[in-house]
Amino acid sequence: MAFKQWKLEIAGRDLIVEHGKMARQSAGSAVVRLGDTVVLITANCKKSASGMDFFPLTVEFQEKFYSSGKIPGGFLKREGRPGDTSILAARQIDRPIRPLFPDGFYNEVQLIATVLSIDDDNPADILGILGASLALNLSDIPFEGVVSGVKVGYVDGKPVVFPTEEELEKSEIELTVAGSKEAIVMVEGEAKEAEEELMLEALDVAHEAIKQMCEFQEKIFEEMGPYEKMDYEVLVLSDEEKNKLESFVDKEELKKRMLTEGKKNTEKALGEYKEQVLEQFMEGVEEEEQTLKIRLASEYYEEILKGVMRRSIVEDKKRSDGRDSKTIRPITCETGILPRVHGSALFTRGETQSLGILTLGSGRDVQYIDSIYEESEKNFMLHYNFPPFSVGEVKRMGSTSRREIGHGHLAERSVKSIMPSVEDFPYTVRIVSEILESNGSSSMASICSASLSLMDAGVPVKKHVAGIAMGMIKEPDETVILSDILGMEDHLGDMDFKVAGTRDGITGFQMDVKVSGISREIMSQALNQAKEGRLHILDIMYNTLSQPRENLSEYAPVAISFDIPEESIGEVIGPGGKTIKFITAEFDVKVEIDDEKGKVNIYGDDAKKSNAAADYIHRMLEPLEAGKEYIGKITRIEKYGVFVELAPGKTGLLHVSNMEGYVKDPAAKFNMGDEVKVVCGKVEQGGKIDLREPGAKKKSSSNSDRRGRKPQERRDNRK
């Protein structure tokens, strides 16, 4: 295999593709470089069909810490199980390439993207999409298409392809877009309440870059010559068998059963009819062929059902639940339904239901991010759980699935734009969306329940954010855009298009297209129809709870935040942390100090104790003023006077000579713990403080003794 290298200039940078140097025993491989980011992508395939009833494609994205010059944390000091960023990157590569494998191909395929080097400005996950297309086309694995991916931002009033980290900081949008020369097939990202037209403009620019990268690939394939694809067994029914199966299906009966009210009733009606049809089809099939034939017949039956559903929508203008294309399912919202949590909301849309539960924590509850990209802290999290009971199934309960991570990430990106800053709200916020029922667009229901739970908890958000899932039925004679799709419409339709936002614009965006792509006109129609649906949902949410509650839950931690001078940080912490440990124990609070900003955050379960802790720190840092009266506590009694604590860490001496009247024994006048009123005298540089009682006579500035004699007079008398 000869080594080859190709170069394309894009976004002012060189995109370099190499083939034939690394991973030469893989069926297909490519090394892709942009800037200092280098990704190796390999593609391999088993030579026989898997026997599974689905196409077994797996995509792995390996983040290697050496790529950014770091050593992994933890005891083992090596990479462990994939983190969320790896899983999300793998999903982004999977989604645009999965539809491009041929029907009936069931051989197991594995794609591995390994990050070898990375810089801050060039995204490795996006290069993985290009690399996957290259590796598959430069192999003997059956694959029918050329795709590329780009990242696009919107900076200073114009779209920017492959924006730098600095540009993304001020960008109004951040989108990952994948597609072919003909059309866009995948979009995912977030925005700062962007208008629909701005999104379309950004997608147009992204598609132009995608076309350029696809043409670049085509030149590579042309130079390398056509690759002979492997022979494989096509696992589909023959035309004769398809005709036989169709003869047992009454499409009017199928349509009638499809229109049964309620998801479970529909599933039951369709399931019973499917059993009847398959039983008739399997009569006379040889025993050794039955397992495969019933599987293939079941798959073709789904194709027949798909056609019936689609024609019903296009011709009869009726969906399986009786709605037209734009109607949103009935919505109910409830808040404050869980007594001991900090915020809760139940959002129900048709047969999809999300329970949003919010927890407030301190700064110590932040999530620490340690990846090849960054080391940072995350104070807002939105987690999505999809238990099997939500669809009436029995499944093993394991670790968080890739689907749950992906849906939670989309919901989190959609909601985070309305979150207050840490300076305005010094809490760590975690929201969990528990999906209790599901019949389509549960991730969008999670956004709605999260927004309601934020207001229910009293988090100072200014707006609600809602999400809606759109679908599409694209037939030769007509294309229909569907609002608020059902699970069946997602499964059998041509598009899953999720849009989240406020009344003022889009905050989250995700699209997957199962056909060759969609035009700009269809995209525009889908965006505008999604806006209508989103505004309808927002109206219902605002009618339920229009603004945050005035007070936090009585069970939420009390948070007090204030600034102190940077030079006083050490004083609050104390030697070896002694002072801050005392405050924590004395007032039963958590005290956190930002060493760089001089920000103090106090968290406690009792407001009185938290305020007392804050007052303690304020008094500790307040400078003493000479001549000002203070009330202090006696902490020590000696023969020559008493020591009085005026403020935390500030204790002065009230000498017997500065007490009111003649005091021979201070212990006869004062007790330990007594509060006394004193006047602050001179405060010396070393921290020594002189005190006197308000009624005591001031010492003479001439240093006379009690009889008024000057020092010279005393010396003369002694002679």
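**Note on the predicted model: strands, helices and cores**

1. In this predicted model, strand E3 (residues 28–34) and strand E4 (residues 37–49) run antiparallel and are joined by seven bridges. Within this pair, valine 31 stands opposite leucine 40 of E4. The two strands make a hairpin with two residues between them, and in its turn glycine 35 has a positive phi of about 60°.

2. E4 also pairs with strand E6 (residues 107–117), in the antiparallel sense and over nine bridges; here valine 38 is found opposite serine 117 in E6.

3. Further along the chain, five strands form an open sheet of mixed pairing, with the order E11-E12-E13-E17-E16. Its edges are strand E11 (331–335) and strand E16 (380–385), each of which pairs on one side only. From one strand to the next, the twist averages 15°.

4. At the E11 edge, E11 and strand E12 (residues 343–349) are paired over five bridges in the antiparallel sense, and threonine 332 has threonine 348, in E12, as its bridge partner. Helix H10 (residues 442–457) packs on the sheet and touches E11, E12, strand E13 (352–361), E16 and strand E17 (428–437), while its direction makes about 145° with that of E12. Helix H12 (residues 520–544) packs on the sheet as well, touching E11 and E12, and its direction makes about 30° with that of E11.

5. The geometry of helix H4 (residues 196–224) can be checked by its length: at 1.5 Å a residue, its 29 residues should span 42 Å, and because its end C-alpha atoms are 42 Å apart, the expected and modelled values agree. The expected span takes 1.5 Å times one less than the number of residues. Just after H4, glycine 225 adopts a positive phi of about 85°.

6. The largest nonpolar core comprises 103 residues, and those with the most contacts inside it are Leu15, Val177, Phe497 and Phe509. H4 supplies the largest share of this core, 13 residues. Leaving aside residues up to four places away in sequence, valine 177 touches Ser148, Gly149, Val150, Val152, Ile184, Met186, Val187, Leu203, Ala206 and Ile210. Apart from this core lies another, of 57 residues, which includes Leu270, Leu358, Met444 and Met455. As general background, nonpolar side chains tend to be buried together in soluble globular proteins.

Technical notes
Residues are numbered from 1 along each chain as its sequence is written. This is a predicted model: local features need pLDDT of at least 70, side-chain atom pairs count only at pLDDT 80 or more; totals for chains, interfaces and linings use all residues. Side-chain values use heavy atoms; hydrogens and water are left out. Two strands pair if DSSP finds at least two bridges between them. Helices (H or I, at least four residues) and strands (E, at least two) are DSSP runs, numbered from the N terminus. Axes are lines fitted to C-alpha atoms, for helices over the stretch in contact, and angles run from 0 to 180 degrees between N-to-C directions. Contact means heavy atoms within 4.5 Å. A nonpolar core is a set of buried Ala, Val, Leu, Ile, Met, Phe, Trp, Tyr and Cys residues joined through side-chain atoms within 4.5 Å. Buried means under 20% relative accessible area, exposed over 50%, partly exposed in between (1.4 Å probe, protein chains only).
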